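Student: Could you take me on a close look at one loop in this model, and then follow the strands beside it outward to the rest of the chain? I'd like one connected story rather than a list.

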Amino acid sequence: MLKPGDIIEIGQYKISLIRDDVLSDATSTAVQKKIELGSQTILSVGRSSSNDLVLPYPAVSRKHACLFWDEHVATHIIEDLHSTNGTFVNGKLISNSALLHPGDIVQIGPVSLAYGPGFIQTIDKSKDIEVRTSELNQFISQDRNLLQNISLTIKPREFVAIVGTSGAGKSTLLNALSGFRPANSGTVYVNGQDLYANFDAFRDQIGFVPQSNIIHLELTVYEALYY
């Protein structure tokens, strides 16, 4: 039986296993890059061009995190450098630093870093996001269900309009898809990961404009969109 993080040795070759919910079909066209850590003690990560690993995204701080080898525990440690939006390991926000084990996934902005022995694999999914739902239901009373087993898939780079009459449940569905108001039952997956269980890791990548008018009426359409 094999599990994420296991290492298979065949002669002089070593193969490490990475969680398949990250390397899924939804990320097949994602930009991937393998970085050999080697003897490099510290690998800095951030939006600034002065970092060893540059992630040019608004959700990434200029000096976001650093990866360094700790010989006392014989593994790498990821440390968050007081970033604005945080650093996540396996979907959980770290308060300061965390030990890394083969198969762990570090999330910084829209980029995943899959950690293996002696390397990290960067997976940039910022332009290839797949949303999939499975049997969403939203009960507001024992006998009234606004969403009735809604299952759908939105492929990467698709532009989708949800159309229906007033009261059909469009806003309820959008609230469930965005995690703004999660469904009572069912699951929303973003690139194979449970959105509700990992919401903090995705919240900075989700834009939601409510139905009410929250813009300045004196601005032009261009100005409103720009700001």
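Tutor: Happy to! Ala74 sits in the loop between E6 and strand E7 (75-80). This is a predicted model, so please read what follows as a description of that prediction. The backbone of Ala74 is worth a look: phi is positive, about 55°, although the residue is not a glycine. Is Ala74 buried or exposed? With a relative accessibility of 52%, Ala74 counts as exposed, because the cut-off for that word is over 50%.

Now follow the strands on either side of this loop. E6 and E7 both belong to an open sheet of five strands, with the order E5-E4-E6-E7-E10 and mixed pairing. Strand E5 (53-54) and strand E10 (97-99) have a single partner strand each, so these two edge strands leave one side without a neighbour in the sheet. On the E4 side of E6, the two strands pair in the antiparallel sense over four bridges. If you want a landmark there, Ser44 stands opposite Cys66 in E6.

E6 also leads us to the inside of the model. The largest nonpolar core has 21 residues, and Leu55, Ile78, Ile108 and Ile120 have the most contacts inside it. Which elements give two or more residues to this core? They are strand E4 (42-46), strand E6 (65-70), strand E11 (105-108) and strand E12 (111-116). E12 provides the largest share, three residues. As background, nonpolar side chains tend to be buried together in soluble globular proteins.

Leu55 is a handy place to stand and look around. Leaving aside neighbours within four places in sequence, Leu55 is in contact with Val45, Gly46, Arg47, Val60, Ile108 and Val111. Apart from this core there is a second, separate one of 11 residues, which includes Val131, Leu136, Ala183 and Val190.

Let's move along to another sheet. Four strands form it, open and antiparallel, in the order E15-E14-E16-E17. E15 and strand E17 (193-194) stand at its edges with a single partner strand each, so one side of each has no neighbour in the sheet. Seven bridges join E14 to E15 in the antiparallel sense, and Phe139 stands opposite Asn145 in E15.

Just as Ala74 caught our eye in its loop, Arg157 does so in another. Arg157 is found in the loop between E15 and H1. Its phi is near 70°, again a positive value in a residue other than glycine.

The side chain of Arg157 brings us to the charged pairs, as the structure holds four salt bridges. In one of them Arg157 meets Asp128, at 3.5 Å from N to O. The pair links distant parts of the chain, 29 residues apart: Arg157 in the loop between strand E15 (144-154) and H1, and Asp128 in the loop between strand E13 (119-124) and strand E14 (131-141). The two ends also contrast in their surroundings: Arg157 is exposed, with a relative accessible area of 64%, whereas Asp128 is buried at 6%.

A second bridge connects these two loops. Glu130 forms a salt bridge with Lys155, with the closest N and O atoms 3.2 Å apart. Glu130 is in the loop between E13 and E14 and Lys155 in the loop between E15 and H1, so this pair ties together parts that are 25 residues apart in sequence. Glu130 is buried, with 13% relative accessible area, while Lys155 is partly exposed at 42%.

Another of the salt bridges brings together the side chains of Asp200 and Arg203, at 3.4 Å from N to O. Both ends count as partly exposed: Asp200 has a relative accessibility of 40%, and Arg203 has 46%.

To finish, look at the surface. Val160, Ile162, Leu174, Phe180 and Phe208 form a nonpolar patch there, and their accessible area together is about 430 Å². Where does Phe180 lie? Phe180 is in the loop between helix H1 (170-178) and strand E16 (185-190), and E16 takes us back to the four-stranded sheet.

Terms used: Residues are numbered from 1 along each chain as its sequence is written. This is a predicted model: local features need pLDDT of at least 70, side-chain atom pairs count only at pLDDT 80 or more; totals for chains, interfaces and linings use all residues. Side-chain values use heavy atoms; hydrogens and water are left out. Patches are made of residues with over 30% relative accessible area and no salt bridge: like charges are joined within 9 Å, nonpolar side chains (Val, Leu, Ile, Met, Phe, Trp, Tyr) within 5 Å. Accessible areas come from the Shrake-Rupley method with a 1.4 Å probe; for residues, only the protein chains shown count as cover. Buried means under 20% relative accessible area, exposed over 50%, partly exposed in between (1.4 Å probe, protein chains only). A nonpolar core is a set of buried Ala, Val, Leu, Ile, Met, Phe, Trp, Tyr and Cys residues joined through side-chain atoms within 4.5 Å. Contact means heavy atoms within 4.5 Å. Two strands pair if DSSP finds at least two bridges between them.
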